[in-house]
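Hi,

Here is the structure I promised to pass on. Have a look at it first, and then read my notes below.

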Amino acid sequence: MFHCLDRTRLSLAMTLLCWGAFASPVLAAPVSLAESESSERTYTVKLTVQTEGAIRTTGGAGELVSLPLQGAASFAFLERRLPSAGRDALAFRSVREFTQARMQTRVDGFDTRASLPASSRVVVSSGSREGVISYSMNTLLTRELVELIELPADPLTLVALLPTQDVKVGDSWDVSDWALQMLSGIEAVSSAKMKGTVTSIDAGRAMIAIHGEIQGLRHGARNKVQISGAVGVNLAASYVDEANLTYNVTSDPGSVSPGLQAKATITLSRGISSESGALTNDLLAKIPISPPDAALGIFFDAGPWNARLKHSRNWHLFQAVFDREPGVAILRLVHQGSLIAQCNLSPIPPVAPGEQTPLDQFEKDIRTALGASLTEVTVRDNVPLADGRILTRVFAKGNAKLADDKTIAMEWRYYICTDQTGQRMSFVFAVEPSLAKGLGEGDRQLVESLQFLPPQQAQKP
């Protein structure tokens with residue numbers, strides 16, 4: 001009896017050993033982590049961001065002042081992938097319907113809030129080296145809303161991190177520079193390195209660890225972003241289903257924004273939805289391969305002046321004074337991390353309907369304002385627009401004095417835009433001659449976009 005039992009145990013042990021011998025290579029076989037590119041699938045995505053750190057700004061004596069920062073954001077949306085628009089970052093596109101997009105930030109005890117309005121909740125998102133570019137299908141966005149939906153650990157950027165070759169546990173790979181750049185949002189890269197490693201493959205799921213750092217320019221300021229954490233891949237259905245990442249960001253005060261020393265903790269969960277919501281096949285068929293230039297424009301509302309501008313995303317609000325005289329809003333044009341030009345706009349007292357600013361008086365005032373800095377006036381004219389508005393223009397060249405008493409060559413482009421009712425707005429553009437090509441016709445386009453609105457329409461893009 002005991003002999004039979006021993007033989008049974010031995011047979012069972014041999015069976016298990018043989019099974020192990022055959023099973024181990026199967027479990028260790030390389031697997032693909034690539035996500036399905038099907039646009040027929042709808043994902044449901046939830047993402048939260050917790051931020052803590054400090055805003056760094058320049059004080060009165062030129063020293064850096066740190067102001068405590070806390071932030072919380074939450075997003076929920078349906079998503080369908082869109083066909084590729086090209087290689088690398090251009091291959092990653094999707095359309096989304098947000099059911100939640102809100103953020104609360106506290107800086108030095110002062111709270112600000114932002115949320116995506118219902119009119120802007122269907123959004124197309126397209127990959128680029130500089131980050132994911134998103135626009136609303138129904139209306140133009142404001143700068144505040146553009147920045148709200150610039151998601152850290154955007155699902156498109158996580159998919160771009162995955163290896164193109166099959167991998168097994170313990171395998172590592174270098175993440176492509178363009179993928180790390182897209183993940184971080186850096187515009188002009190000076191150095192970039194990230195590594196991914198498969199840490200486990202179990203029960204139809206793979207977990208990968210990522211760790212890397214990128215340095216460069218964003219919005220004209222030096223940035224360093226360190227990113228680490230874990231990303232999960234559902235192997236059975238071929239999609240990224242979770243992520244837990246940490247961003248450590250250090251940036252200097254720049255041309256359009258203060259500096260930052262902050263840690264952001266991001267949690268993402270993603271699943272397959274049985275409902276597509278507004279993301280129908282008919283909707284997808286209407287989406288162009290490349291983002292239309294018109295859809296990428298954004299609004300700047302100067303509510304207290306009942307005025308609105310439409311401009312490209314390269315223009316950024318640097319400062320605005322609405323509550324005291326003289327009122328002024330300062331916009332700065334930044335391209336690939338470099339400051340190109342500045343625009344100061346201000347309301348000026350209206351004239352009688354049908355009248356306009358006397359050109360001679362306008363030039364005289366400019367000559368007085370520039371004084372010894374002026375060397376020549378290059379343009380002076382009145383330009384009638386098709387809608388009845390008049391642009392009064394004076395362009396000048398000269399030398400601007402810097403804070404250290406040095407001087408640099410400068411061009412100034414002065415405009416007054418007057419509508420049929422006599423309302424007027426003043427624009428002053430400053431650009432170095434060597435950078436004037438980067439401004440191009442951007443000054444004229446910005447001025448012509450001006451709208452004077454009835455008070456009840458201001459702040460309602």
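Start with β10 and strand β11 (residues 221-234): the two run antiparallel and are joined by 14 bridges. One pair to look for is Ile214, which stands opposite Val225 in β11. Another is His211, whose bridge partner in β11 is Ser228. The two strands make a hairpin with 2 residues between them, and His219 there takes a positive phi near 55 degrees. Before you go further, keep in mind that this is a predicted model.

You can walk along the chain in both directions from there. Going back, strand β9 (residues 188-202) is joined to strand β10 (residues 205-218) by 13 bridges, again with the strands antiparallel. Ala188 has Leu217 in β10 as its bridge partner. β9 and β10 are a hairpin too, with 2 residues between them, and Ala203 in the turn has a positive phi of about 55 degrees.

Going forward, β11 runs antiparallel to β12, and 12 bridges join them. Val225 turns up again here, since its bridge partner in β12 is Val249. The hairpin of β11 and β12 has 4 residues between the strands, and Ser238 takes a positive phi near 60 degrees in it. If you want a bit of background while you look at these strands, strands of a sheet pair through backbone hydrogen bonds, either parallel or antiparallel.

That brings us to the inside of the protein. The largest nonpolar core has 58 residues, and Phe75, Leu158 and Tyr247 are those with the most contacts inside it. Which strand gives the most to this core? The answer is β12 (residues 239-251), with 6 residues. A second, separate core has 27 residues, including Trp315, Leu345, Leu385 and Val431.

Tyr247 is worth clicking on. Leaving out residues up to four places away in sequence, Tyr247 touches Pro152, Ala153, Leu183, Val225, Gln226, Ile227, Ala262, Lys263, Ala264 and Ile266. Notice Val225 among them, the residue that stands opposite Ile214 in the β10 and β11 pairing.

Next, a pocket. The second largest one has a volume of about 350 Å³. Its lining is made up of 20 residues, and Phe92, Val159, Leu162, Pro163 and Thr164 lie nearest its centre. The elements giving two or more residues to this lining are α3 (155-161) and β8 (172-174), and α3 gives the most, with 3 residues. What is the lining made of, in terms of nonpolar, polar and charged residues? It divides into 12 nonpolar, 4 polar and 4 charged.

Two more pieces of strand pairing deserve a look. Strand β19 (residues 374-384) and strand β20 (residues 390-401) pair in the antiparallel sense over 9 bridges. Val383 has Leu391 in β20 as its bridge partner. These two strands form a hairpin with 5 residues between them, and in the turn Gly388 has a positive phi of about 95 degrees.

The other piece is an open sheet of 4 strands in the order β7-β14-β15-β23, with mixed pairing. Its edge strands, each pairing on one side only, are β7 (141-142) and β23 (451-452). Within this sheet, strand β14 (residues 298-302) and strand β15 (residues 307-311) are antiparallel and pair over 5 bridges. Phe299 stands opposite Lys310 in β15.

Finally, the overall picture. The chain has 461 residues, of which 44% count as buried. Its secondary structure comes to 9 helices and 23 strands. The C-alpha trace spans about 120 × 50 × 40 Å along its principal axes. Among contacts between residues at least 6 apart in sequence, 59% join residues at least 24 apart.

Over to you, and do write back with any questions.

Cheers

Note on methods:
Residues are numbered from 1 along each chain as its sequence is written. This is a predicted model: local features need pLDDT of at least 70, side-chain atom pairs count only at pLDDT 80 or more; totals for chains, interfaces and linings use all residues. Side-chain values use heavy atoms; hydrogens and water are left out. A nonpolar core is a set of buried Ala, Val, Leu, Ile, Met, Phe, Trp, Tyr and Cys residues joined through side-chain atoms within 4.5 Å. Buried means under 20% relative accessible area, exposed over 50%, partly exposed in between (1.4 Å probe, protein chains only). Contact means heavy atoms within 4.5 Å. Two strands pair if DSSP finds at least two bridges between them. On a 1 Å grid over the protein atoms alone, a cavity is a set of points where a 1.4 Å probe fits but cannot get out, and a pocket is an open set with protein on both sides within 12 Å along at least five of seven lines; lining residues have an atom within 4 Å of a point. Grid points are joined across faces, edges and corners, and a volume is the space filled by probe spheres set on the points. Ala, Val, Leu, Ile, Met, Phe, Trp, Tyr, Cys and Pro count as nonpolar, Asp, Glu, Lys and Arg as charged, and the others, Gly among them, as polar.
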